[in-house]
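Q: I'd like to learn how to read a protein–DNA model like the one below. Can you take me through it step by step?

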2 protein chains.
Amino acid sequence: MTTTDSGVRQRTRRAILEAAAALWARDFSASLGDIADRAEVSRSTLHRYFPERQALVDALLLDSQESLEEAWSTAVAASSTPIETLENIMGAIVDLADRILFLFSDPARFEGNPHWRADDDDGMSDLIRAAQASGDLDADIAPTFVMGVMYSLIYVTAESVAAGTLPRHKATETVVRIFRHGLTARS
Amino acid sequence: MTTTDSGVRQRTRRAILEAAAALWARDFSASLGDIADRAEVSRSTLHRYFPERQALVDALLLDSQESLEEAWSTAVAASSTPIETLENIMGAIVDLADRILFLFSDPARFEGNPHWRADDDDGMSDLIRAAQASGDLDADIAPTFVMGVMYSLIYVTAESVAAGTLPRHKATETVVRIFRHGLTARS
DNA sequence: TGAGAATAGGACATGAGTGTGTCATTCTGC
DNA sequence: GCAGAATGACACACTCATGTCCTATTCTCA
């Protein structure tokens with residue numbers, strides 16, 4: 001752990017994080033035993049990687065924020081206008097729905113957590129404000145509310161994809177269309 | 001209880017149900033102690049009204065479904081077309097966000113519960129299909145997905161109202177506008 | 001193949017939530 | 001004001017998730 005982690009350790013760690021994200025996204029009270037089962041790992045092993053529940057929470061928090069920022073950067077790099085950036089972000093993070101839910105479903109979950117970064121939220125707010133200023137988004141609606149709608153749409157879309165109701169290749173197009181048409185400024 | 005419940009008993013019962021709805025809407029693992037505190041009642045009293053946790057769950061399930069169906073009936077009575085009905089329902093149940101969340105946030109929560117009625121969902125699906133048939137809603141989108149969007153929008157709206165971000169009197173108009181413009185058929 | 005890493009499967013103590021009971025106190029309606 | 005309803009404040013046993021051990025087994029890589 002101090003030097004180089006073997007490939008085995010990395011895989012096990014990823015499996016636990018993935019399992020935690022999948023379960024905690026929908027029910028933060030899911031037990032460590034459930035997570036261990038889902039990761040196909042014994043509870044002993046889980047505790048070896050993450051001594052206490054909080055350690056796993058923190059690790060997942062950091063990992064989720066990292067994934068999100070990566071998707072964010074990619075979307076920004078591929079866009080020229082604020083509204084285009086927002087749409088690209090929405091499309092990109094449909095696959096990260098578990099992380100989104102874990103991070104944002106309960107506003108108070110990470111209150112006071114030293115690893116928590118509100119940067120994402122701020123950046124998003126700025127983008128929304130910019131899109132409103134340029135007339136692409138309805139200026140009557142509070143940025144906070146717009147963000148809520150964005151996350152909700154992403155969540156519903158991801159759920160539908162998981163349930164098989166919505167084909168994956170149509171997901172991005174659908175969520176962006178609903179977002180754009182539903183929040184477009186009245187002309 | 002067998003004959004006529006005193007006004008006191010009814011008020012206490014309502015207070016407990018309201019508290020349970022408010023807490024369980026956001027965190028179904030909230031303890032009975034928390035609910036008792038919120039209802040300004042001792043845990044003893046709560047247990048006197050609802051002997052076990054499941055009894056409170058069932059009671060809240062029944063009560064929530066009842067409230068929802070009442071709002072539903074009112075909306076149906078005041079509307080003539082399917083799309084109009086859907087919009088009226090959305091406006092009417094913004095105030096019932098806690099109940100909506102409690103009922104629908106976890107699809108598996110009431111699986112196998114004898115009190116659970118899927119009628120609401122079916123009726124909603126029928127309305128959505130009708131609205132799609134008449135060209136008011138995009139027929140490319142699965143009714144299940146449309147329902148998910150509706151519930152999400154209702155939730156976000158109710159949250160914003162509670163947080164003070166969105167004035168109550170603007171809530172209905174806002175949520176309906178987003179719903180309609182975001183899901184309208186492309187012409 | 002052998003050494004060391006990695007894991008599974010327990011036992012055990014602890015704390016929180018739950019369910020049940022009892023008793024004293026407060027409130028309500030006649 | 002009084003009887004009975006309604007409630008609050010405890011005490012207790014029980015269950016389950018958590019955290020900490022320890023040992024036997026399996027896996028990985030040199």
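A: Sure. Let's begin with what "near" will stand for: a residue is near a strand if one of its heavy atoms lies within 4 Å of that strand. Keep in mind that this is a predicted model. With that cut-off, 55% of the atoms of DNA strand D within 4 Å of the protein belong to sugar or phosphate, and the rest belong to bases.

Q: Which residues come closest to DNA strand D, and how many surround it?
A: DNA strand D has 18 residues around it, and the closest are Leu32(A), Arg53(A), Thr12(B), Thr45(B) and Tyr49(B). Notice that both chain letters turn up in that list.

Q: Which polar contacts should I look at on DNA strand D, and what does each one touch?
A: Ask two things of each pair: is the protein atom backbone or side chain, and is the DNA atom phosphate or base? Start with the backbone: a polar backbone atom of Ser42(B) is 2.8 Å from a phosphate oxygen of DNA strand D. Then come two side chains that reach base oxygens of this strand. Arg43(A) places a polar side-chain atom 3.2 Å from one base oxygen, and Arg48(B) has a polar side-chain atom 3.3 Å from a base oxygen.

Q: Which helix gives the most to the surface near DNA strand D?
A: To read this, trace each nearby residue back to its element. H3(B) gives the most, with four residues. The elements that each supply at least two residues are H3 of chain A, plus helix H1 (7-26) and H3 of chain B. By class, this surface has five nonpolar, seven polar and six charged residues.

Q: Now the other strand. Which residues come nearest to DNA strand C?
A: Same recipe. Thr12(A), Ser42(A), Thr45(A), Leu32(B) and Arg53(B) come nearest, out of 19 residues around DNA strand C. Of the strand's atoms within 4 Å of the protein, sugar and phosphate account for 53%.

Q: What do the polar contacts on DNA strand C look like?
A: Sort them by the DNA atom again. On the phosphate side, a polar backbone atom of Ser42(A) is 2.7 Å from a phosphate oxygen. Leu32(B) also uses a backbone N or O atom, 2.7 Å from a phosphate oxygen of DNA strand C. On the base side, a polar side-chain atom of Arg43(B) lies 3.3 Å from a base oxygen. As for where the nearby residues sit, helix H1 (7-26) and helix H3 (43-49) of chain A and helix H3 (43-49) of chain B each give two or more. H3(A) has the largest share, four residues. The class count for this surface is five nonpolar, eight polar and six charged.

Q: Stepping back from the DNA, how many helices and strands does chain A have?
A: For the overall build, count the elements and then check the extent. Chain A has nine helices and zero strands. Its C-alpha trace spans about 60 × 35 × 30 Å along the principal axes.

Q: How do I read the packing of two helices, say H5(A) and H7(A)?
A: Look at the axis distance, the angle and the hand, then at the residues. The axes of helix H5 (residues 82-92) and helix H7 (residues 119-133) of chain A come within 8 Å and cross at roughly 135°. That angle makes H5(A) oblique to H7(A), and the crossing is left-handed. From H5(A), Pro82(A), Ile83(A), Thr85(A), Leu86(A) and Ile89(A) meet Met124(A), Leu127(A), Ile128(A), Ala130(A) and Ala131(A) of H7(A). By class the contact has nine nonpolar residues, one polar and no charged.

Q: At what angle do H1(B) and H6(B) pack, and which classes of residue do they use?
A: H1(B) and helix H6 (residues 97-104) of chain B pack at about 60°, with axes 8 Å apart, in a left-handed crossing. H1(B) contributes residues including Arg14(B), Glu18(B) and Trp24(B), while H6(B) brings Asp98(B), Arg99(B), Leu101(B) and Phe102(B). The contact splits into six nonpolar, no polar and five charged residues.

Conventions
Residues numbered from 1 in each chain as written. Chains lettered and ligands numbered in written order. Predicted model: local features only at pLDDT ≥ 70, side-chain atom pairs only at ≥ 80, totals over all residues. Heavy atoms only, no water. Axes fitted to C-alpha atoms, helices over the stretch in contact; angles between N-to-C directions. Parallel < 35°, antiparallel > 145°, perpendicular 65-115°, else oblique. Left-handed = near helix turned anticlockwise from the far one by under 90°. Contact = heavy atoms within 4.5 Å. Nonpolar A, V, L, I, M, F, W, Y, C, P; charged D, E, K, R; others polar. Polar contact = N/O pair within 3.5 Å; in protein donor to acceptor, adjacent residues only side chain to side chain.
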